[in-house]
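Please look through the sequence and the structure shown here before reading the notes beneath them. The notes are meant to be read side by side with the display.

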Amino acid sequence: MAGPFESENEYLKLIPTDKKLDPVWMRSLVERGKKETYSDPSALRHIGMPVGGFFAGTLYLSGDGRLWLWDIFNRDQEGINPRNVQYKAQAVPTRHGANYLEPAAPKPRFAQGFSIRLGGKDIPLNSDGFKNITFRGEYPRALIAYHDESIPVAVKLEAFSPFIPLNTEDSSLPATIMQYTVKNTSRKTVSVDLVGHLQNAVCLDTGMNSTGLRRNRVVRNENLSALVCEAKPVGETKGQERPDILYEDFEKDVYEQWTAEGESFGKGPILMKDIPDYQGHVRGKGKRVVNSHSTAPGGDVREKDQKTGTLTSKPFKIERKFITFLIGGGAHQGRTCMNLLVDGKVVASHTGKNHNQMGPGFFHVEKFEGQSGVLQIVDKESGGWGNIGVDQIVFTDKPIVNTKLLDQRDFGTMALALLDSGDDTASANRADDGKPKVAQTGLTDELVGEVGRRLQLKPGETEKVTFAIAWHFPNFYARGCRNQLVGHHYAGRFASALDVTKYLGSNLERLAGETRAWVETWYDSTLPYWFLDRTMANTSILATTTCYRFKNGRVWAWEGIGCCAGTCTHVWQYAQAPGRLFPEVERNVRERVDFGLSMHADGGIGMRAHLTGSNHPAHDGQCGRILGAYREHQMSKDDAFLKRIWPNVKRAMEYMIKTDGNEDGMVEGAQANTLDAAWFGKISFLASLYLAALRACEAMATDVDDADFAERCKAIADRGAEKILETWNGEYFIQIEDPAHKEAIGTGPGCYIDQVYGQSWAHQVGLGHLFDPEKQRSALNALYKYNFVPDVGPFREAFSKGRWYAVAGDAGLLMCTWPKGGQNPKFKHHWQYMYFNECMSGFEWQAASHMIMEGMLKEGLAIGRAIHDRYNAALRNPYNEIECSDHYSRSMASYGSFIAASGFEYHGPKGHIGFQPRLSPENFRSAFTSAEGWGRFAQKRNKNQLKAEMEVQWGSLNLKTIALEVEKGHQPHKASAQIGSKTVPVKLALDDQRVTLTMDANITIAKGEKLELEIS
Ligand SMILES: [Ca+2]
Ligand SMILES: [Ca+2]
Ligand SMILES: [Ca+2]
């Protein structure tokens, strides 16, 4: 007679359309709330806040104040710590979410830390020394408080690298500042030393393959006392030469004294004549060599490289000063290499150089003489250059002069400095009681120096001590640019780490003051703390090895750390933070790369840029870069930037118009996009981006007086606004598949996260509605209804394909669902199908921003908060939103949600600014950035009045027009404006709730000045 009542649709079974979200949680989305702090030891260990400058490596700060990770030595590896973790009986690599499943924990690579010394006792400033520690993260700054009843002082730490919006240079220093405030909490005067120590880590990775000396020295001047760590090449070794010992020549057809595991090493050394021709001459000695490519099973290069294995020697006695060998193959650190193990630990490692031809390598093992060692030849890499070749291993005493020391990727300098001129307790070698000013050791030995200060504190008294740690490793060979030496921008500005600390020392007040001013401006807001924390946190991606700036000044980035090269257009276009906070960074990529070396003759922008060119274009990336050009123009003070790039922006648009064909405003044919495939048919996702790009070009063409092109873009966009409605299914927007391409993947009638992404972008740059706003709001509602899951666990049990950026217990917005069925069964045959089951925060942020812009606060904030909760430090590192590898650049879309919440619009060359706060417009306050200055906006409004103010904290703000929104029903008739006591004449125009104030002439609001507006 009736039923079944439950849905038969597999998606609707697993995705509740009524989310039944906890009312307390829902309230917390919009409430200002409290500053989130962490004090649980396990949470403190999960934290890794990037605290170095932009484009200078990754230096983490843990929740208890340890500096860790130290990815500053140009290792150029995939992820913060390349590894696999086991999950659901599968090995999950970094790019598939290893650090999401098992967050990395601080592990010291070398000796470094800060401590207090009291009565001869060393108490580290971390959880080993203090019982009670509280961490508060306000990227770019961390505040940590140390307290322990058994210790007569309490300590506070403020850690940051200078971060000053609009000042990219000063925000890109290879350094971090650690400022400690020590308070005597006892009733007696205490004498306490505050000490920082630093091991000389120059050539820490390659020292075993080099001969030379490490040197520490103490430098003092009027601004600082610094410990400087350096290395220099020398070839001498002590003692006499004994005869060489040939340990292994690999001339037999079996490995004999070696144990082979895995598949890639086969049964024994291969005859060089049997190595495939395409590998070239490997230049081994004798007839046979180890070569994990040629011995691996498989029919082609890819299959053979996919195989892995290890070859482990029997233990042997180390009885000479050097182990020499021939080595070739992949350059993957720790993955295609030969390792020397002593006491089970890898003490030295040597990779190939992405070349099959072998060359000489060596380990300097003088300090291990007499001990037992094991050699391990490793092929753990399954991708390109996933192989290793080795031959002719010899133990020898012959001194090896390594003239290449200066070329090593980890050759450079480090410095630890006290940033003022007071007395210090510096020592170049802490093992030497005499506090030497200079100390040196061999490259294989440990050398630790320190810098500190003695404080005499009366009861209740406090004192501040400011340290800086700086580094300078100029030899960056970019794996993403064919291992070419591209260097670092910072190395062009500073000669050494000492130079960096000197710059910090003489500019500390300004750099620290402006950084603090920004943080205070950011948090002096009515927006919820969690929202401010989360939308800013991803800006830290600029301060990780996802992002580089070459010595020639060019900005270049991975998608996530070490994974997917070339500042990918279709990934980076989601990022909104750099374009608003550091517009120079994005202008750099637009001008030098996208509309520069990446551009093809036909106007296509290659989606991945290498050193001198790029590969094929992607449709979404192409549109996104045109939209970026408009944002970068808006964030400029005049139209000089746009005028320079306009001819190529126009060519890029013409390229898109060609893919439209009949110029009906709908792109046809193969549409390559960010889900790593070409989709076919009518696709609202790509059509909306095309419309947004057309509107952006219409606006830019108008700005450069290219009226014909503006008209052309407008006409196509007008048609497209109608045409896109063909993809409307009555509730949301879909893909109408191309019957000629039924084999291709796509979303068909699915509810896809990016279905109206073009509109989200258009809102970011104030282009208004591109097409039917009501239908778009319906689409966003459908997205929330059909794709938001309060717990992805049950869904992922059933839909197990996909990577792990959200797991059981986590909420998230799924990429694509088919609540109305109709999924083309062919989709499942494509590997890219897995994407649809995942939660990827960059996409989620894009959708959340759009919802917030449209006033769907509950939905948009729930999505943002779900991401925030996934990255709670109790679970994992709050600063590492992961997609395909760590610190994934797309997640910088989060800043777009902040733009949405304040309803910010800006056009520098026109002198226009506007705010339409979506949260608490009756009383709203937030930071803003513009072309030349930043500050704070505030408004209060009711039915009769709107009062607003803009206060400039840094730089200046040039204005001609201001757009604001009055309360519904309010019909204002007059407006006044003043800066201090000076009245600024304004004219008022009203369009529904939108008020535009126009000044007679441009005004400039200087730093410290406030523009006050009253509309009634
Ligand atoms: Ca041989
Ligand atoms: Ca391999
Ligand atoms: Ca068309």
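The briefing below covers a metal site, some salt bridges, a glycine in a helix and a small sheet.

This is a predicted model, in which local features need pLDDT of at least 70 and side-chain atom pairs count only at pLDDT 80 or more, while totals for chains, interfaces and linings use all residues. Residues are numbered from 1 along each chain as its sequence is written, chains are lettered from A and ligands numbered from 1 in the order in which they are written, and side-chain values use heavy atoms, with hydrogens and water left out.

**The calcium site**

- The calcium ion (ligand 2) has as its protein donors D305 (O), K307 (O), D379 (OD), D379 (OD), E381 (O) and G386 (O), at 2.3 to 2.6 Å; donors are N, O and S atoms within 2.8 Å of the metal (3.2 Å for Na, K and Ca), and sites may look incomplete because water is not among the atoms.
- The angles among the six donor atoms run from 50 to 155°, and the site is irregular. That word is used when a site fits none of the named shapes: four donors count as tetrahedral if all angles lie between 85 and 135 degrees, whereas four count as square planar and six as octahedral if opposite donors are over 155 degrees apart and all others between 65 and 115.
- Along the sequence, the donor residues follow the spacing D-x1-K-x71-D-x1-E-x4-G.
- D379 counts as buried because its relative accessibility is 0%, and G386 is buried with a relative accessible area of 0%; buried means under 20% relative accessible area, exposed over 50%, and partly exposed in between (1.4 Å probe, protein chains only).

**Salt bridges**

- Side chains of opposite charge can pair when their charged atoms come close. The structure holds 73 salt bridges, each being a side-chain nitrogen of Lys or Arg within 4 Å of a carboxyl oxygen of Asp or Glu.
- D205 and R75 form one of them, with their closest N and O atoms 2.8 Å apart. D205 lies in the loop between β12 (190-199) and β13 (212-220) and R75 in the loop between β3 (67-71) and β4 (84-87), so the pair ties together parts that are 130 residues apart in sequence.
- D205 is buried at 16% relative accessible area, whereas R75, at 22%, counts as partly exposed.
- In the salt bridge between R136 and D533, the closest N and O atoms are 3.0 Å apart. Because R136 lies in strand β8 (residues 132-138) and D533 in helix α8 (residues 529-537), this pair ties together parts that are 397 residues apart in sequence; helices (H or I, at least four residues) and strands (E, at least two) are DSSP runs, numbered from the N terminus.
- Both R136 and D533 are buried.

**A glycine in a helix**

- G720 is found in helix α15 (residues 707-723), and G720 is buried, with a relative accessible area of 0%.
- Leaving aside residues up to four places away in sequence, G720 touches D664, G665 and L691, where contact means heavy atoms within 4.5 Å.

**A three-stranded sheet**

- Three strands form an open, antiparallel sheet in the order β1-β2-β3, and two strands pair if DSSP finds at least two bridges between them.
- β1 (49-50) and β3 stand at the edges with a single partner strand each, so one side of each is left without a neighbour in the sheet.
- P50 stands opposite Y60 in β2.
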